[in-house]
Amino acid sequence: MTGGPADGVQALTAALGALGVSCRVEARGRLAVIHSDARGLSRLGDERVRVATVAHARDCGFTHVAIELSASLPADAPVLRH
């Protein structure tokens, strides 16, 4: 993607929606921060969805992806890395 950060945010948000992840994407430089509800976080627990998320983020001009975890998750909730 050759547009600016707003274009990348919109494109990544749409791509994630197509994967079943309802979310808001925040650009922090070249970092995409994904804010989602429990259902979206559950979808991101699927390795295929995470791999596709990283690929889409790169296509949209981001170099890194972070998933904002809800404060309502238990402190011992598993952290999935990819």
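The points below go through the fold, the sheet, the hairpin and the side-chain contacts of this predicted model.

1. Overall composition. The chain contains three helices and three strands, and these elements follow one another along the sequence in the pattern α-β-β-α-α-β. Of its 82 residues, 27% count as buried, while the accessible surface of the chain comes to about 5200 Å², with 54% of that area belonging to carbon and sulfur atoms. As for how the chain meets itself, among contacts between residues at least 6 apart in sequence, 55% join residues that are at least 24 apart.

2. The sheet. The three strands form an open sheet in the order β1-β2-β3, and the pairing within this sheet is mixed. Its edge strands are β1 (23-28) and β3 (64-68), each of which pairs on one side only. From one strand to the next, the twist averages 25°.

3. The pairing of β1 with β2. These two strands run antiparallel and are joined by six bridges. Two positions help to fix the register when the model is inspected: V25 has I34 of β2 as its bridge partner, and R28 stands opposite L31 in β2. The hairpin that β1 and β2 make has two residues between the strands, and in this hairpin G29 takes a positive phi near 65°.

4. H35 and its surroundings. H35 lies in strand β2, which covers residues 31-36. Because its relative accessibility is 19%, and buried means under 20%, H35 counts as buried, although a reader may wish to keep both the value and the cut-off in view when using that label. Once its neighbours within four places in sequence are left aside, H35 is in contact with C23, R24, E26 and E68. With one of these residues, E26, the side chain of H35 also makes a polar contact of 2.9 Å.

5. E26 and R28. Besides its polar contact with the side chain of H35, the side chain of E26 meets that of R28 in a salt bridge, at 2.9 Å from N to O. Which exposure class do R28 and E26 fall into? R28 has a relative accessibility of 46% and therefore counts as partly exposed, and E26, at 23%, likewise counts as partly exposed. E26 thus appears in the contact list of H35 as well as in the salt bridge with R28, and R28 is also the residue that stands opposite L31 in β2.

6. The other salt bridge. The structure holds two salt bridges, and besides the one between R28 and E26 there is one in which the side chains of D46 and R48 meet at 3.0 Å, again from N to O. The residues of this pair fall into separate exposure classes, since D46, at 21% relative accessibility, counts as partly exposed, whereas R48 is exposed, with a relative accessible area of 67%.

7. Points to check in the viewer. It may be useful to begin at H35 in β2, to pass through its 2.9 Å polar contact to E26, and to follow the salt bridge from E26 on to R28. The D46 and R48 pair can then be examined on its own, as can G29 with its positive phi in the hairpin of β1 and β2.

Note on methods. Residues are numbered from 1 along each chain as its sequence is written. This is a predicted model: local features need pLDDT of at least 70, side-chain atom pairs count only at pLDDT 80 or more; totals for chains, interfaces and linings use all residues. Side-chain values use heavy atoms; hydrogens and water are left out. Helices (H or I, at least four residues) and strands (E, at least two) are DSSP runs, numbered from the N terminus. Buried means under 20% relative accessible area, exposed over 50%, partly exposed in between (1.4 Å probe, protein chains only). A polar contact is a pair of N or O atoms within 3.5 Å; within protein, one must be able to donate a hydrogen and the other to accept it, and residues adjacent in sequence count only if both atoms are side-chain atoms. Contact means heavy atoms within 4.5 Å. Two strands pair if DSSP finds at least two bridges between them. Axes are lines fitted to C-alpha atoms, for helices over the stretch in contact, and angles run from 0 to 180 degrees between N-to-C directions. A salt bridge is a side-chain nitrogen of Lys or Arg within 4 Å of a carboxyl oxygen of Asp or Glu. Accessible areas come from the Shrake-Rupley method with a 1.4 Å probe; for residues, only the protein chains shown count as cover.
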